[in-house]
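Reader: I am new to this structure and would like a close look at a single part of it, a loop between two strands. Please say where the loop is, what stands out in it, and what the rest of the chain around it looks like.

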Amino acid sequence: MKKKLLAALTTALVMGSFSQTFAAPIDDEVAELRTRLAQLERRIAERDARIERESARVSELERDMSYRDSQSSWADKFKVAGEMRYRFWSSKRISDVSRIELRLLPSIQINENFTVKTRFTAAYNMNSDTESEWRANFAYLEGKFDNFQINAGKMPLFTDADGGMIADDFFSGVQAIVNVGDNAKLKGNAGHWDVKGDYFGAEATFSPTEKLDLGVGYHHFRQNKDNIIAGGVGYQLNDDWKLNAAVAHNNKASDKKTAYNIEANYHGAQRDEVGSWGAYAAYRYIGSGVGIAPTYDTFGQTANKKGFEIGAGITPFTDTLLKVSYFHGKSFAAGSPNDRTFFARASLFF
């Protein structure tokens, strides 16, 4: 019994000595570990906050880049071209006319196939302070594919087969253009033309050789049941001269049912080629039953005339075109047989 008591007392003394020897260092080490853990947790929190700030900054930069890309894409898709022009007419039959126009042609490309095209014109008649206007000439959707084009809306109407002898105007409806190989084109129009009401037209143009151009067209107007058949030919004599001719007939018109044009062109002024110039001479016979809105400047988009016309044009600066022309002939209108018209135009393109 004494031996057991002595062993217990010895063990207690040893344990007490061990506790006094090692307890204090262990407490210090635990405290130090806790301090280091707190510092590590603080650093982790600071790192997480920094990562969150950087993530927010990256997101903001991505939004800015996306916005700039969208703005750049929009700028690439939206384009505006135009023309500032001054025109002057002096005629024996009517008073002189001076007219300034600003033409804007905005276009928006929707995708690789479709584009919205428009034209706005601001015009001012310098002979009258009250005669000024701002109007939308056309707005239409243009769809282009490999060998096919479809347009819908209000769009330009130009009769290609006869070089604009019948019409250079606008109509509302649908237009389809098909390219047949590299040398032929088919075009169909259907809709409403303000000048003649409901309208249908079809044209085919063909270039069998590099020098020869051929065209044929048919135009039907429901209101008066007019049927106009037209044909045209162009031949490049050499590098300098080209001959053009066109003829058309309206088999339903009661009067002035025929039109024809014979024209010789020497060179030509190109807006992007400084110093380029050209001249032409023509004989025109345009009955009102056929030439509904002819493209000729001296006619002022009115027909019922016959006579000779000469003209010339030059490009003195880039995107600048000057033109003068003179028509000497007769009008079919009653009471005004003689027609002498001088025309001048200055155009700045942008």
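Author: The word "strand" comes before the loop: a strand here is a DSSP run of E with at least two residues, and strands are numbered from the N terminus. With that numbering, Asn304 is found in the loop between strand 13 and strand 14. The model is a predicted one.

Gly300 has its place in this loop too, with strand 13 covering 277-286 and strand 14 covering 305-314. What stands out at Asn304 is its backbone: phi is positive, about 65 degrees, although Asn304 is not a glycine. Is Gly300 buried, exposed or partly exposed? Its relative accessibility is 43%. Buried means under 20% and exposed over 50%, so Gly300 counts as partly exposed.

The loop also has a link to a part of the chain far away in sequence. Gly300 and Trp89 are 211 residues apart in sequence, yet their C-alpha atoms are 8.6 Å apart in space. Trp89 appears again in the surroundings of Phe342, a residue of strand 16, which spans residues 338-349. Leaving aside neighbours within four places in sequence, Phe342 is in contact with Phe88, Trp89 and Ser90, and also with Val324, Ser325 and Tyr326. Phe342 is partly exposed because its relative accessible area is 35%, a value between the 20% and 50% limits. From C-alpha to C-alpha, Phe342 is 9.7 Å from Glu309, with their positions 33 residues apart in sequence.

The next loop along the chain can be set beside this one. Asp319 is in the loop between strand 14 and strand 15 (320-331). Like Asn304, Asp319 is a residue other than glycine with a positive phi, here near 60 degrees. Asp319 counts as partly exposed because its relative accessibility is 24%.

Now to the early strands. Strand 1 (residues 78-91) and strand 2 (residues 97-109) run antiparallel and are joined by 12 bridges. One of the pairs places Tyr86 opposite its bridge partner Ile100 in strand 2. The two strands form a hairpin, with 5 residues between them. Strand 2 then pairs with strand 3 (residues 114-125), again in the antiparallel sense, over 9 bridges. This second hairpin joins strand 2 to strand 3 through 4 residues.

Glu101 lies in strand 2. Its bridge partner in strand 3 is Ala123. Beyond four places in sequence, Glu101 is in contact with Glu83, Met84, Arg85 and Arg87, and with Thr121, Ala122 and Ala123. Tyr124 is 23 residues from Glu101 in sequence and 6.4 Å from it in space, C-alpha to C-alpha. Glu101 is charged by class but counts as buried, because its relative accessible area is 4%.

Further along the chain is the largest nonpolar core, which has 25 residues. The residues with the most contacts inside this core are Met165, Ile166, Trp193, Ile228, Ala248 and Ile286. Strands 4, 5, 6, 10 (226-236) and 11 (241-250) each give two or more residues to it. Ala248 shows the surroundings of one core residue: not counting residues up to four places away in sequence, it touches Met165, Ile166, Ile228, Ile229, Ala230, Lys257, Thr258, Ala259 and Val290.

A pocket is the last item in these surroundings. The second largest pocket has a volume of about 170 Å³. It is lined by 13 residues, and the closest to its centre are Pro156, Phe158, Gln175, Ile177 and Lys187. Strand 4 (132-144), strand 5 (148-158), strand 6 (168-180) and strand 7 (184-193) are the elements that give two or more residues to its lining. Which strand gives the most to the lining? Strand 5 does, with 6 residues. By class, the lining has 6 nonpolar, 3 polar and 4 charged residues.

As for the whole, the protein has 1 helix and 16 strands. Of its 350 residues, 31% count as buried. Among contacts with a separation of 6 or more, 43% are between residues 24 or more positions apart.

Key
Residues are numbered from 1 along each chain as its sequence is written. This is a predicted model: local features need pLDDT of at least 70, side-chain atom pairs count only at pLDDT 80 or more; totals for chains, interfaces and linings use all residues. Side-chain values use heavy atoms; hydrogens and water are left out. Buried means under 20% relative accessible area, exposed over 50%, partly exposed in between (1.4 Å probe, protein chains only). On a 1 Å grid over the protein atoms alone, a cavity is a set of points where a 1.4 Å probe fits but cannot get out, and a pocket is an open set with protein on both sides within 12 Å along at least five of seven lines; lining residues have an atom within 4 Å of a point. Grid points are joined across faces, edges and corners, and a volume is the space filled by probe spheres set on the points. A nonpolar core is a set of buried Ala, Val, Leu, Ile, Met, Phe, Trp, Tyr and Cys residues joined through side-chain atoms within 4.5 Å. Contact means heavy atoms within 4.5 Å. Two strands pair if DSSP finds at least two bridges between them.
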